[in-house]
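Let's take a walk through a protein chain together. Have the sequence and the 3D view ready, and pause whenever you want to find a residue for yourself.

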Amino acid sequence: RTRARSTEPTAGITQMPAMIHNVAARASTPSARPLSDSVKRQTRLPRFLSTDAKSVARVPVVAPRRHRAAAAGEDGVSLTEAEREELRALEESGDAFERLVQLAKEGGVDIPPPVNAAASMCGPMVVPTVSGANTTERDIPGKPAGLTKPPWLRQRAPGGDRYEYLTSGLKDLKLATVCEEAMCPNLGECWNGDTGTATIMILGDTCTRGCRFCAVNTASTPPPPDEMEPENTAKAIAEWGVGYIVLTSVDRDDIADGGAEHFARTVRTLKALKPEILAECLTPDFQGDEGAVTHLANSGLDVFAHNIETVERLQKRVRDPRAGYDQSLGVLRHAKATGPAGLVTKTSIMLGLGETDEEIAQTMRDCKDAGVDIFTLGQYLRPTPNHLDVMEYVTPEKFDHWKRYGEEVVGFRYVASGPLVRSSYKAGEFFIETMLRDERKAEADGLAAA
């Protein structure tokens, strides 16, 4: 039984039985007989309903049992036969609740749509974040029904002797890897491999920017960089015995040169300890500072990499406002123009954020015009529920298409394209290492012949 004494709008909605029996029946029955004075004294109008007595029925307050009118039915509400007939028709048609909701809306109450209880127990529904999209987590293109992600995105968990060795070494030297900080899906594959490839993050583990695809820690004023980090990093890399290493960093807009000298010092120290090693620097944009770009490009590194991340249309949605499509292209173009002869430039984009095929092709052409040699494409994977939603799972076959397009049509020297490919993915490193060594051997042979 309902106690209709609450004057709050939500009370009238939640107290269903009496409301259905009275509001729906009386409002839909124009011939209902007038209420007696005794019933009127027990009757008042909920605030959420109209005050127009001609269009909205009054709801009787259920009196204590001993005071109920003898003429009332078993439900405690006095209805005429016509009202009961209408009520039965409403209940049989399933429209009684809808009628109640209609009356409430007419009275000015904004009633939210019904929520699926099972869905609410599993967390909030995913809302697409790309303008114009209407997909949800349940029907992302490319995701098989019943699976949380396509099978081609499965990777083994980190483990093995090589993984333990690298982890221990990094902790002892207080170094951070982007593999760990950014939750890279290739961590197990790369660290378990024979080479134990790792991408070292310098300048700390806290970024001054907040891109919506990245899980790295952010702060407006991170701790100052470790002054001994370049030496420690170089010594650790030399001890590992690897032939190719990637150095990357968070954005450090709080430093005058964005950390360019910190990068350069690390490269110089590493080359002094192990001249034969090949070094790639995956850099921030240094806020477009051309002096910083030139300084790092001439530090002795072999590959200058900077990621453009996504197509032009999605830049503002995906990246921090301080980054930008033209700014990133400018960094790559300037590195190529002012660096030493033979410097390789490289960039990368993520797919699955809502981009179109034409936008991908245009981005490739723009990067080639900026002098980029190496282009990589990989699937965007949302690191946490607080980051951008995946709008599409791109198939391996489509990634193969972009590899062919990039190499055969656009003209990149090399394209690494696959669901789990990342800008510093080991397959790309192996290719670049071989390419650079072959070129340098050819140059040496040419000098010897001369």
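We will begin with the whole chain, then visit one helix, the aromatic rings, a loop and finally the cysteines.

Please keep in mind that this is a predicted model. The chain has 450 residues, and 48% of them are buried. Along the chain you can count 17 helices and 12 strands. How much of the contact in the chain links distant parts of the sequence? Among contacts with a separation of 6 or more, 73% join residues that are 24 or more positions apart. On the outside, the chain exposes about 22,300 Å², and carbon and sulfur atoms supply 53% of that area.

Now zoom in on helix α15, which covers residues 357–369. With 13 residues at 1.5 Å a residue, this helix should span 18 Å, and its end C-alpha atoms are 19 Å apart, so the expected and modelled lengths agree. Which residues of α15 are buried? They are Glu 359, Ile 360, Ala 361, Thr 363, Met 364, Asp 366 and Cys 367. These buried residues pack against several neighbours: helix α14 (325–338), strand β10 (344–351), strand β11 and helix α16. After α15 comes Gly 371, which has a positive phi, near 90 degrees.

Two of those neighbours, β11 and α16, lead us to the aromatic rings. A pair of aromatic rings is described by the distance of the centres and the angle of the planes. How many aromatic pairs does the structure hold? There are two. One of them is formed by Phe 375 and Phe 412, which are stacked, with 5.0 Å from centre to centre and 20 degrees between the planes. Phe 375 sits in strand β11, while Phe 412 belongs to the loop between α16 and β12 (414–417), so this pair ties together parts that are 37 residues apart in sequence. Both partners are buried: Phe 375 has a relative accessible area of 0%, and Phe 412 has one of 4%.

Trp 402 and Tyr 405 form an aromatic pair with an edge-to-face arrangement, 5.7 Å centre to centre and with 85 degrees between the planes. Why are these two separated by about one helical turn? Because they are three residues apart in helix α16. Trp 402 is buried at 3% relative accessibility, and Tyr 405, at 18%, also counts as buried, since the limit for that word is under 20%.

Let's step back to the loop that leads into this helix. Thr 395 is found between β11 (374–379) and α16 (396–410). Is Thr 395 buried, exposed or partly exposed? Its relative accessible area is 28%, which makes it partly exposed. Try finding Gly 418 as well: Thr 395 and Gly 418 are 23 residues apart in sequence, and their C-alpha atoms are 8.5 Å apart in space.

Our last stop is the cysteines. A disulfide is a covalent bond between the sulfur atoms of two cysteines. How many disulfides does a search of the whole structure find? The result is zero. Take Cys 207, which is buried at 9% relative accessibility. The cysteine sulfur closest to its own belongs to Cys 211, and the distance of 6.6 Å is too far for a bond. Seen from the other side, Cys 211 has Cys 207 as the closest cysteine by sulfur, again at 6.6 Å. A disulfide would need the two sulfur atoms within 2.5 Å.

Methods
Residues are numbered from 1 along each chain as its sequence is written. This is a predicted model: local features need pLDDT of at least 70, side-chain atom pairs count only at pLDDT 80 or more; totals for chains, interfaces and linings use all residues. Side-chain values use heavy atoms; hydrogens and water are left out. Buried means under 20% relative accessible area, exposed over 50%, partly exposed in between (1.4 Å probe, protein chains only). Helices (H or I, at least four residues) and strands (E, at least two) are DSSP runs, numbered from the N terminus. The expected span of a helix is 1.5 Å times one less than its number of residues. Contact means heavy atoms within 4.5 Å. Rings of Phe, Tyr and Trp (its six-membered ring) pair if their centres lie within 6.5 Å; planes under 30 degrees apart count as stacked, over 60 as edge-to-face and the rest as tilted. Accessible areas come from the Shrake-Rupley method with a 1.4 Å probe; for residues, only the protein chains shown count as cover.
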